[in-house]
Amino acid sequence: MTLTKMRTAAASSLAAAGLLLSLAACSTPAATQPSTSAPASSATASSTSASEPCDGVKVIVDSGALKQAAADTSVCVPVDEPTVASKVLDEANIKTEGTTEYPNELVCRVNGVPAADFDIKHKGGTYREECGKMPAAFAYWALWVKPASGDWAYAQEGLATLKVSPGESLELLFTVDGEPAAPAA
């Protein structure tokens, strides 16, 4: 292996490790979500297109390279103060599932995608996500945030601790072999 290939492989591994760490403390599976006595807002989430403005938090789920419509959605969740991202997803009726080893720290499935029997095509062949330990470094859900006026950036916290404010956007994007590299503008 050449030095350039070794550096590229090391950089890819570090990027994947950084992403997985940024997803630390992600939401718990829907069956074990903690409940609260007060909802974030008395209004209900409403479907929107990705380009429509939202007074609350715009939540986007994009199955990316998987092209699985069962996961894809764009919803405006009414909030009037900084709110934990997992609660915003609950209000949007978006269900996340962690792994057996990391049930609260990682996102393995969103709205059942990718299904356990779904073949994920990637550069090395095909892969099936079992949600046992860590999702594959080449096929995973990435968590992104976008301020009211700004660009998309990887979330620096997981769903259980990340707070999003009115005017911000939150996206779960499935990436295979680095594509798509970021949410659509």
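Tutor: A quick definition to start: helices are DSSP runs of H or I with at least four residues, strands are DSSP runs of E with at least two, and both are numbered from the N terminus. Keep in mind that this is a predicted model.

Student: What pattern does the protein follow along the sequence?
Tutor: Let's take the inventory before the order. The protein has two helices and twelve strands. Read along the sequence, they give the pattern α-β-β-β-β-α-β-β-β-β-β-β-β-β.

Student: How many of the residues score a pLDDT of at least 70?
Tutor: pLDDT is the predictor's confidence in each residue, on a scale from 0 to 100. The average over the protein is 79. The share of residues that score at least 70 is 72%.

Student: Where is the pLDDT below 50?
Tutor: There is a stretch to treat with care. Where pLDDT is low, the predicted coordinates should not be read in detail. The stretch does have 64 contacts in the model beyond near neighbours in sequence. The pLDDT is below 50 over residues 1-43.

Student: Which share of the residues counts as buried?
Tutor: The cut-off for buried is under 20% relative accessible area. The protein has 185 residues to sort this way. The share that counts as buried is 39%.

Student: How many aromatic pairs are there?
Tutor: Rings of Phe, Tyr and Trp pair if their centres lie within 6.5 Å. By this rule the count is three.

Student: Is the pair of W141 and F174 stacked or edge-to-face?
Tutor: Look at the angle: planes over 60 degrees apart count as edge-to-face. The rings of W141 and F174 sit 5.3 Å centre to centre, with 80° between the planes, so the pair is edge-to-face.

Student: Which strands does that pair link?
Tutor: W141 and F174 are 33 residues apart, so the pair links distant parts of the chain. W141 lies in residues 139-146 and F174 in residues 169-176. Those are strands β9 and β12.

Student: Is W141 buried or exposed, and what about F174?
Tutor: W141 has a relative accessible area of 1%, and F174 has 2%. Buried means under 20%, so W141 and F174 both count as buried.

Student: Are the rings of W144 and Y154 stacked or edge-to-face?
Tutor: Their centres are 4.3 Å apart and their planes meet at 20°. Planes under 30 degrees apart count as stacked. So the pair of W144 and Y154 is stacked.

Student: Is Y154 buried or partly exposed?
Tutor: Its partner W144 is buried at 6% relative accessibility. Y154 comes out at 32%, which means that Y154 counts as partly exposed.

Conventions: Residues numbered from 1 in each chain as written. Predicted model: local features only at pLDDT ≥ 70, side-chain atom pairs only at ≥ 80, totals over all residues. Heavy atoms only, no water. Buried < 20%, exposed > 50% of the residue type's maximum accessible area, 1.4 Å probe, protein only. Phe/Tyr/Trp six-rings, centres within 6.5 Å; stacked < 30°, edge-to-face > 60°. Contact = heavy atoms within 4.5 Å.
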